[in-house]
Amino acid sequence: MAQPETSGAMQEKKQVVKTDRSQKSPAVSSREEYLALLNEMTHAVLLSDNFEVTLHTLAIEMARLVGADDCYITRWDEERQLTIPTATTAKLPFQYSLDAEKNPEVNSITSSVLHAENALAIEDVFDSPYVSVEIAKRYPARSALGVPLIARGRKLGAAIIAYNTPHQFTTEEIERAEEAGNQIALALWNFQQSAEIQHRLKESHALSEIGRALSETERVGTSGVLQLIVDSARELIPQVEKSVIHLLEAEEQALFAHAVSGFGGEEKEFGRVKMRLGEGVAGQVIREGITINIGDIRNHPDFIRGNSLPEFRSLLVAPVQSGSQQIGTISVQSARINAFSKKDTELLNALGVQAAIALENSRLFESTQQRLKEVGALYRTSRGLAASLDTNELINEVVKLLHQNFGYYHVQIYLIETNSRNLVIRHGSGYIGDTLVQQGYYLPPGEGVAGHVAETGEPFLTNHVDNVVFFKRNPLLPETQSEIAVPIKIEDQVVGVLDIQQTPPHRLTQSDLQLMTAVADQLTVVLQKANLYENLQTALQQEQTIRSQLIQSERLALVGRLLASVSHELNNPLQAIQNALFLLKEETNLSMQARQDLDVILAEAERMAALIERLRSAYRPARMMDFQPVELNGLIEDIHALISTHMRQKEIAFEFFPDANLSTISGVADQIRQVVLNLFLNAVEEMKPGGRLIVQTQNLTPQREVLFTVKDTGPGIDPELLPRVFDAFITSKHTGTGLGLTITHDIIQQHHGRIEAANDPHGGAIFSIWLPVHEDGFE
């Protein structure tokens with residue numbers, strides 16, 4: 001069992017810790033605290049599963065990072081150019097998340113910093129071009145620092161660090177805030193990408209459930225399918241509190257609510273009241289067949305107001321239609337202003353289409369049953385394929401499915417090359433498809449039906465290809481008479497074309513076009529998922545690299561503390577030994593042999609003291625006053641003289657090619673000497689008799705640097721160790737500690753230089769060091 005420490009030992013240990021800590025300057029300690037806090041903030045985002053809570057935590061930590069009174073975090077809606085308040089540490093008389101800008105033209109800090117793409121310091125919020133007085137009056141802040149949150153070119157929002165009293169911002173505060181903003185933006189981007197994938201998977205699952213219900217309308221019932229759709233709308237679209245489907249009754253010319261979600265009790269009955277056709281927002285949607293997104297119903301002229309204002313503020317209404325026949329509307333509501341985005345509109349449109357399909361199923365079940373089974377099979381197949389990330393395999397399976405299950409003459413998929421913008425066939429059906437792929441068949445931009453669709457971004461259908469002026473017949477497909485081409489889009493950008501061709505007597509219909517549009521949407525999901533997975537892999541690799549760097553920093557810090565502690569403990573008894581030897585030397589009755597032995601002991605004690613001092617100085621932060629002009633050529637000659645005997649014994653030749661006009665470098669001579677000695681000894685130890693140590697110095701005048709290279713003719717560095725050769729405890733020697741090159745690397749970094757290691761293709765290792773030349777000051 002370990003014995004408890006005595007009070008004296010504990011006191012001595014505390015004194016050592018206190019001494020170690022006292023060696024750190026306030027600036028270093030502040031920097032370490034800042035980096036630790038920044039690391040905690042980044043990890044909080046990466047490990048969180050609750051976006052809103054994470055943003056509130058970040059607001060607290062950002063304020064703490066620079067000692068501010070408050071921090072506000074906003075998100076940016078690029079589509080509508082709106083600031084969306086999200087989280088704050090301030091105690092406000094209103095709910096911050098509901099304080100959306102009513103006028104996008106009014107200047108806000110968020111829009112200003114995102115436009116500038118750099119931090120903006122505002123010492124007086126009431127006298128600044130970056131924020132309107134109207135906005136400033138609503139908050140207690142007097143001074144603010146706006147930091148843009150931008151990742152990979154995507155504007156995510158801003159972090160606004162606020163002081164409730166006038167404050168002058170320092171350069172350090174701005175730099176730290178920007179650095180923190182960059183880290184947080186990247187972490188938030190990763191978080192949002194992950195959340196987007198989860199949302200898409202959830203959306204895909206919900207749509208597949210609706211698709212399955214549609215294929216079973218006879219068993220589930222139309223009401224059950226419509227209820228599933230409104231429930232899905234409330235679940236899938238953020239900010240939605242209520243959703244409803246109104247259906248058109250032709251005889252009464254009125255809209256009746258047939259399915260509602262989010263309503264309760266008397267409110268539910270209110271949601272089922274009828275609306276006369278032609279009135280209000282729903283009437284406009286029915287008349288024009290368009291989707292209407294109202295950011296604030298209180299400011300919209302077509303919204304019909306009752307005796308009292310409703311609780312919701314945002315309204316999104318999409319048509320439920322089959323072709324040109326209007327069937328009804330699907331709408332969602334939110335208490336927030338400007339709650340719905342373009343993506344929400346697209347999803348609601350998709351759900352409106354699903355509702356229309358459900359209603360058409362109920363009215364035309366027998367005539368459409370077989371077709372719906374085919375669509376259901378396609379959805380199930382697509383859902384199964386979505387689990388794979390092999391893009392080529394997925395596209396090939398889709399081509400086979402369309403060709404075999406639907407009896408089309410030919411199916412092919414073009415993808416657009418980024419540089420040339422040519423449409424290249426990547427997959428085709430049957431033997432002809434394989435031949436076209438092998439030939440690298442392509443269409444120039446705008447040529448053929450597929451090229452036309454790629455340029456316009458709109459699907460195209462014809463049953464008389466010879467009457468189409470831009471049709472281009474493929475010699476391998478001479479019987480084509482009908483053709484459908486549908487664009488494959490990612491974020492409104494055409495990336496490919498799905499092309500279907502048919503022969504007489506078969507004709508392609510609008511039903512085929514709808515089916516191909518659905519398939520193109522599935523291909524879009526496949527390509528998006530593959531791209532997102534690739535981006536996520538890159539982000540994970542970057543995160544792992546950062547983790548490794550942090551761990552390495554901790555290991556080096558531990559080594560430094562250990563060396564400082566051990567050298568301190570060795571230095572005290574060594575000084576006592578030296579003092580005793582000096583006193584012993586003063587004795588007059590010592591023999592000549594004794595005095596000679598005593599001189600040897602004293603010399604070795606002094607050498608040991610110098611070694612301990614070098615160990616301590618290796619991890620002692622360099623001070624500006626320590627840096628002096630150093631003649632590198634002369635220093636190299638001194639080190640060679642020191643080890644020349646050792647090199648002769650090893651039969652190693654020394655070749656030195658100095659630059660006669662070499663500039664002096666700025667540094668600590670003892671530390672540079674240690675670097676040169678470490679590299680020379682390492683090279684000598686690796687070489688066999690007959691080897692050569694080749695050293696060269698060179699002026700790099702344009703860069704204001706000196707290049708110093710050390711090359712040996714040994715076996716070189718193990719390729720597996722080369723990327724980590726400067727890491728602590730990495731060595732190929734049986735007796736080495738693995739710290740020599742680590743200390744060398746740290747010394748060079750302290751001198752604002754660089755060091756690289758490589759293997760010479762002709763044999764041996766090469767170490768290259770760049771050091772700044774001496775100037776009137778060291779920065």
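**Two open sheets, a cavity and a salt bridge**

Arg-64 and Glu-61 are about one helical turn apart, because three residues separate them in helix α3 (residues 51-66). Helices here are DSSP runs of H or I of at least four residues, strands are E runs of at least two, and both are numbered from the N terminus. This is a predicted model in which local features need pLDDT of at least 70 and side-chain atom pairs count only at pLDDT 80 or more, while totals for chains, interfaces and linings use all residues. Residues are numbered from 1 along each chain as its sequence is written, and side-chain values use heavy atoms, with hydrogens and water left out.

**Salt bridges**
- The side chains of Arg-64 and Glu-61 meet in a salt bridge, at 3.2 Å from N to O.
- The structure holds ten salt bridges (a Lys or Arg side-chain nitrogen within 4 Å of an Asp or Glu carboxyl oxygen).

**The β19-β21-β22-β24-β23 sheet**
- Five strands, in the order β19-β21-β22-β24-β23, make an open sheet with mixed pairing (strands pair if DSSP finds at least two bridges between them).
- The edges belong to β19 (653-657) and β23 (754-759), each of which has a single partner strand, so one side of each has no neighbour in the sheet.
- On average, neighbouring strands of this sheet are turned by 15° against each other, direction ignored (axes are lines fitted to C-alpha atoms, for helices over the stretch in contact, and angles between N-to-C directions run from 0 to 180 degrees).
- At the β23 edge, six bridges pair this strand with β24 (residues 765-772) in the antiparallel sense.
- Ala-757 stands opposite Phe-767 in β24, and Asn-759 has Ala-765 of β24 as its bridge partner.
- The hairpin of β23 and β24 has five residues between the strands, and there Gly-763 takes a positive phi near 120°.
- Two helices are worth picking out next to this sheet. Helix α18 (residues 632-650) lies across β19, β21 (692-700) and β22 (705-711) and runs at about 175° to β19. Helix α20 (residues 740-750) lies across β23 and β24 and runs at about 140° to β23.
- In the loop between α20 and β23 you'll find His-752, which has a positive phi of about 60° although it is not a glycine.

**The β2-β1-β5-β4-β3 sheet**
- This open sheet also has five strands, ordered β2-β1-β5-β4-β3, and here the pairing is antiparallel.
- Its edge strands are β2 (82-88) and β3 (120-122); each has a single partner strand, so one side of each is left without a neighbour in the sheet.
- The average turn between neighbouring strands of this sheet is 25°, direction ignored.
- β3 is joined by three bridges to β4 (residues 143-151), and the two run antiparallel.
- Across that pairing, Ile-122 stands opposite Ala-144 in β4.
- Helix α4 (residues 109-116) packs on the sheet and touches β1 (70-77), β2, β3, β4 and β5 (154-163), its direction making about 55° with that of β4 (contact means heavy atoms within 4.5 Å).

**Cavities**
- Searching the whole structure turns up seven cavities of 30 Å³ or more (on a 1 Å grid over the protein atoms alone, sets of points where a 1.4 Å probe fits but cannot get out; lining residues have an atom within 4 Å of a point).
- The second largest cavity holds about 120 Å³ of space (the volume filled by probe spheres set on the points, which are joined across faces, edges and corners).
- Its lining has 16 residues, with Gln-412, Tyr-414, Lys-472, Glu-483 and Gln-501 nearest the centre.
- The elements giving two or more residues to this lining are β12 (410-416), α15 (448-456) and β17 (493-502), and α15 gives the most, with three residues.
- By type, the lining of the second largest cavity splits into seven nonpolar, five polar and four charged residues (Ala, Val, Leu, Ile, Met, Phe, Trp, Tyr, Cys and Pro count as nonpolar, Asp, Glu, Lys and Arg as charged, and the others, Gly among them, as polar).

**One more loop**
- Asp-492, in the loop between β16 (482-490) and β17, has a phi near 65°, a positive value in a residue other than glycine.

Definitions and conventions:
1 Å grid on protein atoms, 1.4 Å probe; cavity = no way out; pocket = protein on both sides within 12 Å on 5 of 7 lines; lining within 4 Å.
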